[in-house]
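Q: Please show me the model, and then let us go through how its features are read.

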Amino acid sequence: MAEYRWPQHAASPMRQRRWPVNFGLGAINVLCLRLLLPWLAVDAAFWARQKDFGLLHLLHVAPWAAAAIAFVALDLTIYTQHRLMHRIEILWRLHRVHHTDIALDVSSGVRFHPLEILLSMGIKIVAVLLLGASPAAVAAFEIVLSSFSLITHANLRLSSRLDAALRWVFVTPDMHRIHHSVRPEAHDTNYGFHISWWDRLFGSYLPQPQLAQDTMPLGLTIFREDQAQGLAALLIQPAKQWH
């Protein structure tokens, strides 16, 4: 409703064509996680607590401090994973399914290839076990991560003052939209999912794109045809060459 009332990007979101595909991928991903993995990240946290396993348990960190450390460490893990997805060819082939969306709205927040979702959950499980993160901290992180994936991809206009203020802590839709620009120098920036600190700290922050926020082309220069945007085409897209 907010996207409809206060859109930022002028390009047609093409909801009738894109939403069934994007939300279809989201549904497939949920099924894959439930059917193919014996554990999710929260399950790993319960096991770590039961076995007193992980760094935070070993160091006997106070529960409140352990929860904060786990949340920040998991966010840094996802930021690092995202950067690697853009750097390593085989990982980029999975991740580019997300980037070949030629418009951006809330549905883009669930448009990921199932293999990327499974890999990401595997990485989170390893991180949770190494940390010994508490189930509450992991559950909170997963809720925030999923929620911000929808918010940061939203075609939503915020005032420039509000956007600038929020960016000191959070990733905003304008900040993340730059990451989806068709220009390579832009989509290799702003990797954060919900905390904006990492991009500033590691030199990947781009405050504004060269082109205007409301008209800049989104997606990639490849796989823009209608036949490349179908659900079946996206599922087999990682097998296709870049050029």
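Q: How do the residues of the lining of the second largest pocket divide into nonpolar, polar and charged?

A: The classes are fixed lists: Ala, Val, Leu, Ile, Met, Phe, Trp, Tyr, Cys and Pro are nonpolar, Asp, Glu, Lys and Arg are charged, and the others, Gly among them, are polar. Here the lining of the second largest pocket has nine nonpolar, no polar and two charged residues. This is a predicted model, where local features need pLDDT of at least 70, side-chain atom pairs count only at pLDDT 80 or more, and totals for chains, interfaces and linings use all residues. Residues are numbered from 1 along each chain as its sequence is written, and side-chain values use heavy atoms, with hydrogens and water left out.

Q: Which element gives the most to the lining of the second largest pocket?

A: Helices are DSSP runs (H or I, at least four residues), numbered from the N terminus. Helix 1 gives the most, with three residues.

Q: By class, what does the lining of the largest pocket have?

A: That lining has twelve nonpolar, nine polar and four charged residues. Its largest share, six residues, comes from helix 8.

Q: At what angle do helix 5 and helix 8 pack?

A: Two packed helices are described by the angle between their axes and the distance between the axes. Axes are lines fitted to C-alpha atoms, for helices over the stretch in contact, and angles run from 0 to 180 degrees between N-to-C directions. Helix 5 (residues 63–87) and helix 8 (residues 135–152) pack at about 40°, with axes 9 Å apart.

Methods. Helix = DSSP H or I, 4+ residues; strand = E, 2+ residues; numbered from the N terminus.
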